Amino acid sequence: MQGPDPISDDDRPDSSPTGAPAGAPSDSLPASGSRSKVLHDIRGLLSPALLSADRLSLHADPKVRELAEQIIRSIEQAARRLKDLPPG
């Protein structure tokens, strides 16, 4: 299996289950909260692909392992680029 999650929640504000900061109305999300939510949602979409590629990286066939590693690198690169997007 691969290392830590490529997109951390470190920049994610404390929030309620709706994504709004504690005490704020749900229709007035700050830009950083919206960005964090989108990053979180995209990470959720990429997670099954990363988990599947991790499993394939243990396959007996070296070509399958090589392709799995390529998928893993691509997903991790996409996650890093998303995290590095400027706020706004």
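**Tour: two salt bridges and a loop serine**

Select Lys37: with a relative accessibility of 33%, it counts as partly exposed (buried is under 20% relative accessible area, exposed over 50%, partly exposed in between; 1.4 Å probe, protein chains only). This is a predicted model, where local features need pLDDT of at least 70, side-chain atom pairs count only at pLDDT 80 or more, and totals for chains, interfaces and linings use all residues. Numbering runs from 1 along each chain as its sequence is written, and side-chain values use heavy atoms, without hydrogens and water.

Add Asp41. It pairs with Lys37 in a salt bridge, closest N and O atoms 3.2 Å apart (a side-chain nitrogen of Lys or Arg within 4 Å of a carboxyl oxygen of Asp or Glu). Asp41 is partly exposed too, at 37%. Both sit in helix 1, 4 residues apart, so about one helical turn separates them (helices are DSSP runs of H or I, at least four residues, numbered from the N terminus).

How many salt bridges are there by this rule? The count is 2.

For another, go to helix 2 and select Lys63 and Glu66, 3 residues apart, about one turn. Their N to O distance is 3.8 Å. Lys63 is partly exposed at 45%; Glu66 is partly exposed at 48%.

Now step to the loop between helix 1 (31–56) and helix 2 (62–83), and pick Ser57. Buried or exposed? Ser57 is buried, at 12%. Show its contacts (heavy atoms within 4.5 Å): Arg65, Ala68, Glu69 and Ile72, leaving out residues up to four places away in sequence. Last, display Asp54: its backbone oxygen lies 2.5 Å from a polar atom of the Ser57 side chain.

Notes
Helix = DSSP H or I, 4+ residues; strand = E, 2+ residues; numbered from the N terminus. Polar contact = N/O pair within 3.5 Å; in protein donor to acceptor, adjacent residues only side chain to side chain.
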